Amino acid sequence: MNEELLKVEHLTKKFEDNVVLDDISFTVHKGEVIVIVGPSGCGKSTMLRCINALEPVQGGRITIDGDEIVYGSKNLSSLRQKIGMVFQSYDLFPHLNVLDNILLAPMKAQKRKKDEVAKEAVELLERVGLRDKAKSFPRQLSGGQKQRVAIVRALCMHPEMMLFDEVTAALDPEMVREVLDVILGLAKGGMTMIIVTHEMQFARAVADRVLFLENGSIIEDSEPDTFFESPKTERAKEFLNIFNFERSKEK
Amino acid sequence: MPDLGLDVLFKGKNMIRLLGGLWVAVKISLISVAISIPLGILLGIVMTSKNPIIKAVTRVYLEFIRIMPQLVLLFIVFFGSTSAFGINISGELASVIVFTVWGTAEMGDLVRGALISIPKHQYESSAALALTPAKTYIYVIIPQTVRRLIPLSINLITRMIKTTSLILMIGVVEVLKVAQQIIEANRMSSPNAAFGVYLTVLLMYFIICWPISMLAKRLEKKWG
């Protein structure tokens with residue numbers, strides 16, 4: 001097993017009196033792909049947001065490379081450079097074209113040279129099949145294209161790991177594939193990732209480990225084949241059954 | 001061809017006087033706009049505050065200024081300041097005060113609207129890209145706010161220029177007042193002058209406001 005990259009210990013998150021994450025602990029090793037599944041409202045997205053300190057937490061510790069990530073702390077910007085995050089709603093900057101969307105953070109947050117970053121950005125765009133869109137504005141792109149740009153934008157920061165928060169949930173079915181293929185490519189390249197998704201086949205294909213989350217707790221932590229073939233808990237079985245359909249009429 | 005009395009315009013310095021009157025109107029609106037925009041931006045930022053007292057006070061200010069006819073505000077400031085406080089201010093100063101108070105309220109509401117229309121996600125994705133809050137404002141939030149704001153504030157400028165036609169009521173000799181004076185002075189020689197002179201005033205307002213309004217439309221399209 002590779003060395004530890006991200007460690008979540010006894011993470012607790014409440015919205016007022018409502019406990020959303022209840023004493024969550026897990027470790028992510030370098031190169032590992034973790035997929036988090038679970039019913040809506042179980043805290044999957046909130047957990048990703050806590051890892052990137054977009055939400056304050058009420059207890060526990062999150063560390064990356066041994067440095068603690070604390071909501072509102074001064075060194076947050078340097079820690080966040082290690083974590084790329086892609087959201088469900090793409091969140092490109094509408095006033096900037098694709099290339100400038102990608103260049104903004106490497107130039108302003110990392111103070112890198114424009115030429116160097118632009119060269120890399122174009123290469124990455126090429127890799128996701130969007131080289132000809134570099135000068136387009138977000139409003140001229142389809143959802144799938146926007147999401148691929150958002151992935152490139154995060155990658156251009158050279159993160160040590162990526163967080164994907166239901167990145168295909170807002171997409172038309174035929175666009176889901178093009179985005180998932182990009183993520184599968186990253187997995188092959190050895191990128192460490194935590195992926196929240198409702199695409200079960202994709203989850204099985206990409207995951208090294210599957211975490212099943214319910215009511216703010218990790219109920220199962222298994223290899224994908226184990227999880228999808230013979231889940232240990234009744235709740236996981238029930239959850240997986242939602243995705244199976246039986247023929248309603250006899251042939 | 002009916003006699004529109006246009007010949008009056010070419011008598012003596014009448015045309016120059018009309019243009020001078022137009023300048024008074026434009027000057028008062030430009031000064032008011034120049035003061036209203038920074039004050040309005042401040043007010044708009046304050047209005048996004050979550051503090052209920054600040055919210056209530058700014059809301060009352062905005063609604064009060066909007067509901068009041070501008071003419072009444074002009075009378076209160078111009079005549080009221082003299083009778084109540086014994087201060088004697090010029091009509092032009094009173095106009096600038098009223099237009100600034102009005103413009104600040106309107107501008108504040110535009111700024112508030114533009115600020116709250118920036119989705120929360122824009123802040124979060126900037127944070128996730130390791131941009132500090134200050135850089136997020138400079139490179140992400142303010143550019144978007146300004147793009148939404150400029151067309152709207154340009155429209156506010158044209159509204160102000162048009163509304164300066166009220167200030168003749170407190171004795172400011174602007175374009176409409178000059179027009180009246182010209183018509184009065186030539187009542188005997190050109191009894192039909194009213195139509196031609198007022199038509200000229202109309203055209204002057206149009207020539208000033210139309211390009212501004214076109215500019216706003218173009219910017220809106222470009223950034224919309």
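## Close-ups of chain B

**View 1. The surface of chain B, with about 11,900 Å² exposed.** Carbon and sulfur atoms supply 73% of that exposed area. Keep in mind that this is a predicted model. As for what is tucked away, 44% of the 224 residues in chain B count as buried.

**View 2. The helices of chain B.** Chain B has 8 helices and 0 strands, so walking along the sequence you just read α-α-α-α-α-α-α-α. Its radius of gyration comes out at 22 Å, while the globule rule gives 17 Å for 224 residues, so chain B is more spread out than a compact globule. Along the principal axes, the C-alpha atoms fill a box of roughly 75 × 45 × 25 Å. Looking at contacts in chain B with a separation of 6 or more, 77% come from residues 24 or more positions apart.

**View 3. Charged side chains of chain B.** Count them up and you get 21 positive and 10 negative side chains. The centre of the positive set and the centre of the negative set lie 9 Å apart.

**View 4. A close look at B:Ser95 in helix H4.** Helix H4 of chain B covers residues 91–116, and B:Ser95 sits in it. Is this serine, B:Ser95, buried or exposed? B:Ser95 has 0% relative accessibility, and since anything under 20% is called buried, B:Ser95 counts as buried.

**View 5. The contacts of B:Ser95.** Leaving out residues up to four places away in sequence, B:Ser95 touches B:Ile28, B:Leu74, B:Ile167, B:Ile170 and B:Val172.

Notes: Residues are numbered from 1 along each chain as its sequence is written. Chains are lettered from A and ligands numbered from 1 in the order in which they are written. This is a predicted model: local features need pLDDT of at least 70, side-chain atom pairs count only at pLDDT 80 or more; totals for chains, interfaces and linings use all residues. Side-chain values use heavy atoms; hydrogens and water are left out. Helices (H or I, at least four residues) and strands (E, at least two) are DSSP runs, numbered from the N terminus. The radius of gyration is taken over C-alpha atoms; the globule rule is 2.2 Å times the number of residues to the power 0.38. Buried means under 20% relative accessible area, exposed over 50%, partly exposed in between (1.4 Å probe, protein chains only). Contact means heavy atoms within 4.5 Å. Accessible areas come from the Shrake-Rupley method with a 1.4 Å probe; for residues, only the protein chains shown count as cover. Lys and Arg count as positive and Asp and Glu as negative; His and the chain ends are not counted. The place of a charge is taken as NZ of Lys, CZ of Arg, CG of Asp or CD of Glu.
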